[in-house]
Amino acid sequence: MSLIPAKPVLVGVNDAVERPSRDEAMQAVRTLLAWAGDNPDREGLKDTPKRVVDAYAEWFEGYDADPAKELSRTFEDVQGYDDMVLLRDIEVESHCEHHMAPFLGKAYVAYLPTEKVVGISKIARVVEIYSKRLQTQETLTQEIANALESHLNPAGVAVLIDAEHQCMTTRGVHHRHVSTITTRFTGAFKTDQTLIDRFLKLAKA
């Protein structure tokens with residue numbers, strides 16, 4: 001996989017940046033290796049800059065993907081179905097923006113269709129796109145909910161993410177097996193406690 005081409009792109013919240021070249025990115029890795037106290041030219045590290053750059057291109061490919069495109073194809077022939085559509089155990093592989101350390105877990109996403117539904121794989125893809133960007137778990141949860149709310153016009157959206165953060169387990173306080181749960185409810189999910197309870201029960205069933 002090649003690194004994302006060097007060109008102005010939009011990242012974060014409307015911040016345009018010029019992406020460095022692949023060679024510049026690999027040189028940055030060499031600098032970090034030397035700063036850590038090792039020799040970037042020793043046999044075991046010679047190909048490390050290339051591998052790290054390739055890994056970054058995969059881990060952060062969400063910057064080049066568009067959630068709106070994934071949600072643009074919908075189906076209106078729902079035969080009057082207006083109950084919950086829920087996807088459980090969607091893999092979340094992301095990196096926090098504070099330490100660039102991974103956080104790994106599961107997402108549970110539901111919506112109440114009104115006039116249209118979207119292919120279930122597209123919902124999983126939206127989770128994947130936002131996950132492959134730098135942000136906090138709180139932001140990730142909100143981004144997923146906002147995307148579904150904006151493009152599907154549902155009666156409500158519910159998102160729950162349960163993840164473990166390596167910035168907490170491998171550094172700092174070094175507490176393992178501590179998971180963080182974030183939620184976002186909109187529409188009927190926000191106002192109907194029975195619906196919220198049903199979502200939470202089904203998500204963790």
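**Figure 1. Asp89 in strand β4.** Asp89 is found in strand β4 of this predicted model. The phi angle of Asp89 is positive, at about 60°, although Asp89 is not a glycine. Most residues other than glycine have a negative phi. With a relative accessible area of 41%, Asp89 is partly exposed, because a residue counts as buried under 20%, as exposed over 50% and as partly exposed in between.

**Figure 2. Met100 in the loop between β4 and β5.** Met100 is found in the loop that lies between β4 and β5. A positive phi of about 60° is seen at Met100, although it is not a glycine. Met100 has 36% relative accessibility and therefore counts as partly exposed. Met100 is also one of the residues that His95 touches.

**Figure 3. His95 and its contacts.** His95 lies in strand β4. Is His95 buried or exposed? His95 has a relative accessibility of 8%, so it counts as buried. Residues up to four places away in sequence are not counted in the contacts that follow. His95 touches Trp59 and Phe60. His95 also touches Met100, Ala101, Pro102 and Phe103. Its other contacts are Ser131, Arg133, Leu134 and Gln135. Of these, Ser131 is a buried residue of helix α4.

**Figure 4. Helix α2 and its buried residues.** Helix α2 covers residues 48–59 and has 12 residues. From its first C-alpha to its last, α2 reaches 16 Å, which is close to the 16 Å expected at 1.5 Å a residue. Which residues of α2 are buried? The buried residues in α2 are Thr48, Pro49, Val53, Asp54, Ala55 and Ala57. These buried residues pack against α1 (22–36).

**Figure 5. The crossing of α1 and α2.** Two packed helices are described by the angle between their axes and the distance between the axes. For α1 and α2 the packing angle is about 115°, and the axes are 9 Å apart. The crossing in which α1 passes α2 is right-handed. On the α1 side, the contact is made by Arg22, Ala25, Met26, Val29, Arg30 and Leu33. On the α2 side, Thr48, Pro49, Lys50, Val52, Val53 and Asp54 take part. Sorted by class, the contact of α1 with α2 has seven nonpolar, one polar and four charged residues.

**Figure 6. Aromatic rings at Tyr56, Trp59 and Phe60.** How many aromatic pairs does a search of the whole structure find? The search finds four aromatic pairs. One of them is formed by Tyr56 and Trp59, whose ring centres are 5.8 Å apart and whose planes are at 50°, so the pair is tilted. Tyr56 and Trp59 both lie in helix α2, where three residues, about one turn of the helix, separate them in sequence. Tyr56 also forms an aromatic pair with Phe60, which is edge-to-face, with 5.3 Å from centre to centre and 80° between the planes. Ring pairs link Tyr56, Trp59 and Phe60 into a cluster. Within the cluster, Tyr56 is partly exposed, with a relative accessible area of 35%, and Trp59 is partly exposed, with a relative accessible area of 38%. Phe60, in contrast, has 8% relative accessibility and so counts as buried.

**Figure 7. Helix α4 and what it packs against.** Helix α4 has 12 residues, numbered 120–131. The distance from its first C-alpha to its last is 17 Å, close to the 16 Å expected at 1.5 Å a residue. Buried residues in α4 are Ile123, Val126, Val127, Ile129, Tyr130 and Ser131. What do the buried residues of α4 pack against? Their helix partners are α3 (67–70) and α5 (137–152). Their strand partners are β4 (85–96), β5 (102–112), β6 (117–118) and β7 (134–135).

**Figure 8. Glu115 in the loop between β5 and β6.** Glu115 has its place in the loop between β5 and β6. Glu115 has 63% relative accessibility and therefore counts as exposed. Leaving aside neighbours within four places in sequence, Glu115 is in contact with Phe75, Glu76 and Val78. Lys50, which takes part in the contact of α2 with α1, is 65 residues from Glu115 in sequence. In space, Glu115 and Lys50 are 48 Å apart, C-alpha to C-alpha.

Terms used:
Residues are numbered from 1 along each chain as its sequence is written. This is a predicted model: local features need pLDDT of at least 70, side-chain atom pairs count only at pLDDT 80 or more; totals for chains, interfaces and linings use all residues. Side-chain values use heavy atoms; hydrogens and water are left out. Helices (H or I, at least four residues) and strands (E, at least two) are DSSP runs, numbered from the N terminus. The expected span of a helix is 1.5 Å times one less than its number of residues. Buried means under 20% relative accessible area, exposed over 50%, partly exposed in between (1.4 Å probe, protein chains only). Contact means heavy atoms within 4.5 Å. Rings of Phe, Tyr and Trp (its six-membered ring) pair if their centres lie within 6.5 Å; planes under 30 degrees apart count as stacked, over 60 as edge-to-face and the rest as tilted. Axes are lines fitted to C-alpha atoms, for helices over the stretch in contact, and angles run from 0 to 180 degrees between N-to-C directions. A crossing is left-handed if the near helix is turned anticlockwise from the far one by less than a right angle, and right-handed if clockwise. Ala, Val, Leu, Ile, Met, Phe, Trp, Tyr, Cys and Pro count as nonpolar, Asp, Glu, Lys and Arg as charged, and the others, Gly among them, as polar.
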